[in-house]
Amino acid sequence: MIIANENFGKLASSYLFSEIGKRVNEFKNENPDAKIIRMGIGDVTLPLPKACIEAMHKAVDEMGSASTFRGYGPERGYDFLIRKICDYDYRRHGIKIDTDEVFISDGAKSDTGNITDILGHDCIVAVTDPVYPVYVDTNIMAGRKEGIVYLPCTAENNFVPELPVGDVDVIYLCFPNNPTGTTLTHDQLKKFVDYAIEHKSLILFDAAYEAFISSEDVPHSIYEISGAKSVAIEFRSYSKTAGFTGTRCSYTVVPKECIGYGLDGKEYSFNELWNRRQCTKFNGTPYIVQRAAEAIYSESGREQVRQIIDYYKTNATIIRNALISKGYTGVYGGVDSPYVWVKTPEGTDSWGFFDYLLKEKAIVSTPGAGFGSSGEGYIRLTAFNTTENTVEAMNRI
Ligand code: MLT
């Protein structure tokens, strides 16, 4: 008899965005002429920056010639990209990250999911509620359903999670937050770092939306907080920054001083464990894609990315302002983030308002309840559509 991983039976029946996709497709089949505006999954609409396209063309040509062709690349990524990351994303912000602490991969979704491979089975894991479903689902798949602690983020606590009560081993933090679009200040993040140092816990810091930060007191990297390198792994992504949702490239920083412990107290270097994991299960991100990512750091690439981010940030402002002017009382996020978190009108729950927006206004949102029980009574709208569609959606509501 083949024994299946029964933990899958403990998951919600389908992944949130698959369920949304299914409902949208049903609506589309029934209403083929409806002009649907998609503000559900955080998928970008602007094309890749020109600098990336040029770099990819050049890399494709290299692959077509025996003298420049590349086969398997280094599992942890090409040096040309890693050096740019260490320099532009960290050194220029006063943070020292060594090249052997950076691991290039094919997406923060994969890495935040795969990282459970280097965690002990009995870890108690804290996540915010609402939460990006990948953190929860991958821990349930790994058999930790009973070991998950939820830290509510609600309007009452300004979407700032309380520290866990007692000992937890791992804390997932995503800031700017998916789904609420809210942020933590340096002092608020420092409390988590101090907790992790005191409790010998590990923080898994998802900074996928870092590029959207414009407020002064919001950290771009957890390593801005002193002591964080010994307790935190950071995930970054080019998906939302430079339109790589379909191209796939991200990276994870695992500092060498970040240590985990066996049940007998033996020390393990998470950097070595992650390196071992990646070498075994991953053959690296395609060369062509890494060349495209490298181009983001060129002068023209940086300028083009800035324009993309500005474009989406303008959309977020349009959404915020429109909803506030229409009398929505709970409108959060959308300042340092592409996500706007909206309280549903009195008497409507998340899925009810999702269905209303879809069926009556042909607007796709994401029901807050899909991100956890504290998300009930909210929907999330993304700023990733075109400005034209964003304005039209706001006129329809
Ligand atoms: C989201 O909409 O929450 C994100 O697009 C999901 C992801 O990045 O995987």
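This is a short tutorial dialogue on reading the sheets, helix packing, cavity and unusual backbone spots of a predicted model.

User: Let's start with the seven strands. In what order do they sit in the open sheet, and what is the pairing?

Analyst: Read across the sheet, not along the chain. Here the order is 2-8-7-6-5-3-4, and the pairing is mixed. From one strand to the next, the twist averages 20°.

User: Which strands stand at the edges of that sheet?

Analyst: Look for strands with a single partner. Strand 2 (102-105) and strand 4 (148-152) are the edge strands here. Each has a single partner strand, so one side of each has no neighbour in the sheet.

User: How many bridges hold strand 2 to strand 8, and in what sense do they pair?

Analyst: Strand 2 pairs with strand 8 (residues 250-253) in the antiparallel sense, over four bridges. To find one of them on screen, go to isoleucine 104: its bridge partner in strand 8 is tyrosine 251.

User: Which strands does helix 8 lie across?

Analyst: Helix 8 (residues 270-281) lies across strand 2, strand 6 (202-206), strand 7 (232-237) and strand 8. Its direction is at about 30° to strand 2.

User: Now the sheet of four strands. What is its order?

Analyst: That open sheet runs 11-12-15-14, with antiparallel pairing. Strand 11 (331-333) and strand 14 (366-367) are at its edges with a single partner strand each, so one side of each is left without a neighbour in the sheet. Strand 14 pairs with strand 15 (residues 378-382) in the antiparallel sense over two bridges, and threonine 366 stands opposite arginine 380 in strand 15.

User: What lies across strand 14 and strand 15?

Analyst: Helix 11 (residues 350-361) does, running at about 45° to strand 15. Helix 11 also packs with helix 1 (residues 16-30) at an angle of about 35°, with the axes 11 Å apart. The crossing of these two helices is right-handed.

User: Which residues make the contact between helix 1 and helix 11?

Analyst: From helix 1 you have Leu16, Glu19, Ile20, Arg23, Val24 and Phe27; from helix 11, Trp351, Phe354, Asp355, Leu358 and Lys359. Sorted by class, that contact has seven nonpolar, no polar and four charged residues.

User: On to empty space. How many cavities of 30 Å³ or more does the structure hold?

Analyst: The general idea comes first: rolling a probe the size of a water molecule over the atoms shows where empty space is left. In this structure there is one cavity of 30 Å³ or more, and the largest cavity has a volume of about 40 Å³. Its lining is Phe175, Pro176, Thr183, Leu184, Phe205, Ile213, Val218 and Pro219. By class, the lining has seven nonpolar, one polar and no charged residues.

User: Pro176 rings a bell. Is the peptide bond from phenylalanine 175 to proline 176 cis or trans?

Analyst: Omega is the angle to check. That bond is cis, with omega near -5°, and proline 176 lies in the loop between strand 5 (170-174) and helix 6 (186-199). A cis peptide bond also joins aspartate 129 and proline 130, with omega about 5°. Proline 130 lies in the loop between strand 3 (125-129) and helix 5 (133-141).

User: Last one: what is phi of phenylalanine 159, and where does the residue lie?

Analyst: Phi is near 65°, a positive value in a residue other than glycine. You'll find phenylalanine 159 in the loop between strand 4 and strand 5.

Notes. Residues are numbered from 1 along each chain as its sequence is written. This is a predicted model: local features need pLDDT of at least 70, side-chain atom pairs count only at pLDDT 80 or more; totals for chains, interfaces and linings use all residues. Side-chain values use heavy atoms; hydrogens and water are left out. Two strands pair if DSSP finds at least two bridges between them. Contact means heavy atoms within 4.5 Å. Axes are lines fitted to C-alpha atoms, for helices over the stretch in contact, and angles run from 0 to 180 degrees between N-to-C directions. A crossing is left-handed if the near helix is turned anticlockwise from the far one by less than a right angle, and right-handed if clockwise. Ala, Val, Leu, Ile, Met, Phe, Trp, Tyr, Cys and Pro count as nonpolar, Asp, Glu, Lys and Arg as charged, and the others, Gly among them, as polar. On a 1 Å grid over the protein atoms alone, a cavity is a set of points where a 1.4 Å probe fits but cannot get out, and a pocket is an open set with protein on both sides within 12 Å along at least five of seven lines; lining residues have an atom within 4 Å of a point. Grid points are joined across faces, edges and corners, and a volume is the space filled by probe spheres set on the points.
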